[in-house]
Amino acid sequence: MGIMTEVDIMKDVSGNGYHPEWINSITFSRGLIGNLGGYVEFFSLVSSESGSDWIGTFDCGLTYAVNDNVQLDAGVNIGVTRAADDFNPFVGISWRF
């Protein structure tokens, strides 16, 4: 299980100031077979900018450790609030150096 919280200071859409945005997530991951793992996550972004809506997504995916320094991943983020994208598939690679 992993829990993350983050605060970002973002420029207002009008360009006349800044506002904070809070990002939070909770993730559960598990090894499946060999170097293959899976995870599920709930992601939340709340902005204090006027007129902004809460963004919430349910995310799930697979990870594959190629070696100690390279990991492949693929998954999908599914919007659970109106402001979130409905469906966002992705693939990626992480490289530790």
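1. Strands, written β in what follows, are DSSP runs of E at least two residues in length, and they are numbered from the N terminus. Read in those terms, the protein, which is a predicted model, follows the pattern β-β-β-β-β-β along its sequence, and its secondary structure comes to 6 strands and 0 helices.

2. The 6 strands form an open sheet with antiparallel pairing, and their order across the sheet is S1-S2-S3-S4-S5-S6. Strand S1 (2–11) and strand S6 (87–95) stand at the edges, and because each of them has a single partner strand, one side of each is left without a neighbour in the sheet. From one strand to the next, the twist averages 20°. As general background, the strands of a sheet pair through backbone hydrogen bonds, in either a parallel or an antiparallel sense.

3. On the overall dimensions, the C-alpha trace of the protein spans about 50 × 30 × 20 Å along its principal axes. The radius of gyration is 16 Å, whereas a compact globule of 97 residues would have a value near 13 Å. The accessible surface of the protein comes to about 6900 Å², and carbon and sulfur atoms account for 59% of that surface. Buried residues make up 27% of the 97 residues. Of the contacts with a separation of 6 or more, 26% are between residues that lie 24 or more positions apart.

4. The pairing around S4 can be followed strand by strand. Strand S3 (residues 36–47) pairs with S4 in the antiparallel sense over 10 bridges, and Phe43 stands opposite Thr57 of S4. On to strand S5 (residues 70–79), S4 is joined by 9 bridges, again with the two strands running antiparallel; here Tyr64 has Leu72 in S5 as its bridge partner. S4 and S5 form a hairpin, with 4 residues between them.

5. The pairing then continues towards the edge strand S6, which S5 meets through 9 bridges in an antiparallel arrangement. A reader who wishes to locate this pairing in the model may start from Asp73, whose bridge partner in S6 is Gly92.

6. Which residues does Gly61 touch, once those up to four places away in sequence are set aside? Gly61, which is found in strand S4 (residues 55–65), touches Gly37, Gly38, Tyr39, Ala74 and Gly75. The C-alpha atoms of Gly61 and Gly38 are separated by 5.7 Å, although these two residues are 23 residues apart along the chain. Gly61 counts as buried because its relative accessibility is 14%, and the cut-off for that class is under 20%.

7. Is Ser25 buried or exposed? With a relative accessibility of 10%, Ser25 counts as buried. Ser25 is found in strand S2 (residues 18–33) and, residues up to four places away in sequence not being counted, touches Gly2, Ile3, Met4, Glu41, Phe42 and Phe43. One of these, Phe43, is also the residue that stands opposite Thr57 in S4.

Conventions: Residues are numbered from 1 along each chain as its sequence is written. This is a predicted model: local features need pLDDT of at least 70, side-chain atom pairs count only at pLDDT 80 or more; totals for chains, interfaces and linings use all residues. Side-chain values use heavy atoms; hydrogens and water are left out. Buried means under 20% relative accessible area, exposed over 50%, partly exposed in between (1.4 Å probe, protein chains only). Contact means heavy atoms within 4.5 Å. Two strands pair if DSSP finds at least two bridges between them. Axes are lines fitted to C-alpha atoms, for helices over the stretch in contact, and angles run from 0 to 180 degrees between N-to-C directions. The radius of gyration is taken over C-alpha atoms; the globule rule is 2.2 Å times the number of residues to the power 0.38. Accessible areas come from the Shrake-Rupley method with a 1.4 Å probe; for residues, only the protein chains shown count as cover.
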